[in-house]
Amino acid sequence: MLEKVFKLKENNTTVKTEIVAGLTTFMTMAYIIALNPNLLTGFDVGSPLWNGVFLATCIASFIAMVCMAFLANKPFALAPGMGLNSFFAVVVANIAAITGTSYVVSFQAALGIILIEGIIFLILSVLNIRDKIVEAIPLGIRLGIAPAIGLMLLNIGLGSNAGIYSSTGGPFYVMRDFFGALTPSLAKSSMGDDGYAAMVLTVVTMFIGFFAIVILSHKGVKASVILGMLIASVVYWIGEFVFLGTNPFASLASASFIPPFADMVATTLFKFDFATLFSIGWFTVITLVITFCIIDMFDTIGTLVGTASRAGMVDEKGDMPKMKEALLSDAIGTTVGSMTGTSTVTTFIESASGVEAGGRTGLTALITGILFLACIFIAPIAAIIPAAATSSALIYVGVLMLGGLKKINFDDMSQLVPVTLMLIAMPISGSIGHGIGIGMISYVVIKLFTGKAKEVSVLTYVISAIFLIKFFLVV
């Protein structure tokens, strides 16, 4: 049955490999289950709105991944996107300030934006317009997306994913605040004794996990990523108990395993408030919809192209089979997300961890989706996976994705310059879409002023112009 549906032999994989890959992907992105409602509700943990967004995150992600599994048969996982959820929270706060309504009412108004975005993407996907946009991205830029995402993963793994905050409030970065500190005393003065101890434990854990993955992978162990994460988790739990004096499993004692469905029905399920939304002005609403669309479209395209390239799922032209179905899954996820109560659902770059674990079909996505749905009941268990363990996997995958640079023609400035700019832009901006935009603009400029304007397609010019407007005119 599974062989017939997912064509496992044709994709040179097995049920066991796909299950391990799905579990690996889940472990690297399980953080979103709690972080998404935290960001969207201002860390109002346990409130009716928080509970509603928590359930919406699990349900919308599950449905999107089921679509990815059966429509596209690709190993890509989807969930409410980071960056997009933070932007959504800002929009909600602005609507509340403009209209004088409560945060919950403004949240319900902002869900209308996500619904409109999802419907637009459904139409564009069915009409193959999003496919045409993918084809309009020059081959050199498409080849550079994977390495740029690799640097972005390294930035996340070595910094913001660590989960330790300094006395100034910002997250610490391993290379800056640990290895970059002149002396331990300076690091302690900025982090405090407790913060410094947690930072040391985090650094030790992530590198033990990282090298465990590297060594296991070198020995040909297919489950190297997930085994490395488990090793890192055990190291962190022991260190937390021995050196930090805290019980890593304490939260399980008081955790509730009963899904708060009543809260979702009361706060987010089909709770669109279009009257409040359009009271901020039609032009503002249209601008917000366009902004969400641009960011989501190119974040998703970049993740799909970059991860598929790493997995060998693209042809010589850099095109991925069943791109339409993959993009349609993303559109369905976003639409369902708006109906259940969360921000834009998009393809996660953490999917690359499952690909590295051997995932090659939709069964990987299905396993990840089932685990997301199960978190409605077992979220407290998923929450004890330490961020340092997921960092180990992200660092490893980031390093591997940098290998895509060997495909770049470094003698061709129209490839070298855009890719270089993407390598810097993606990790700094935190947006795959913005990195692609900067790359495309630089590509067009080089072609225009080197007498090769005719080599650029009309759609490539249009997309570059849209990014120029987005960067400089849309406020």
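**Notebook: helix contacts, a surface patch and a salt bridge**

I began with the contact between two helices, and I noted that Ile295, Phe298, Asp299, Gly302 and Thr303 in H15 meet Ile432, Gly433, His434 and Ile436 in H21. I should record at once that I am working with a predicted model.

Sorting the residues of this contact by class, I found four nonpolar, four polar and one charged. I then looked up how the two helices are placed: H15 covers residues 282–310 and H21 covers residues 432–448, and they pack at an angle of about 85°, with their axes 7 Å apart. Angles of 65 to 115 degrees count as roughly perpendicular, and H15 and H21 are therefore roughly perpendicular to each other.

Next I turned to the surface, where I found a nonpolar patch of about 440 Å² that is made by Ile119, Ile123, Val126, Leu127 and Ile129. I asked myself which helix gives the most to the nonpolar patch. The lookup gave helix H6, residues 103–126, which contributes three residues. I also checked Ile119 on its own, and its place is in helix H6.

Last, I looked at charged pairs, keeping in mind that side chains of opposite charge can pair when their charged atoms come close. The count of salt bridges came to two. One that I looked up joins the side chains of Arg130 and Asp330, with a distance of 3.2 Å from N to O. Arg130 lies in helix H7 (residues 129–135) and Asp330 in helix H16 (residues 323–340), so this pair ties together parts that are 200 residues apart in sequence.

Note on methods
Residues are numbered from 1 along each chain as its sequence is written. This is a predicted model: local features need pLDDT of at least 70, side-chain atom pairs count only at pLDDT 80 or more; totals for chains, interfaces and linings use all residues. Side-chain values use heavy atoms; hydrogens and water are left out. Axes are lines fitted to C-alpha atoms, for helices over the stretch in contact, and angles run from 0 to 180 degrees between N-to-C directions. Helices (H or I, at least four residues) and strands (E, at least two) are DSSP runs, numbered from the N terminus. Angles under 35 degrees count as roughly parallel, over 145 as roughly antiparallel, 65 to 115 as roughly perpendicular and the rest as oblique. Contact means heavy atoms within 4.5 Å. Ala, Val, Leu, Ile, Met, Phe, Trp, Tyr, Cys and Pro count as nonpolar, Asp, Glu, Lys and Arg as charged, and the others, Gly among them, as polar. Patches are made of residues with over 30% relative accessible area and no salt bridge: like charges are joined within 9 Å, nonpolar side chains (Val, Leu, Ile, Met, Phe, Trp, Tyr) within 5 Å. Accessible areas come from the Shrake-Rupley method with a 1.4 Å probe; for residues, only the protein chains shown count as cover. A salt bridge is a side-chain nitrogen of Lys or Arg within 4 Å of a carboxyl oxygen of Asp or Glu.
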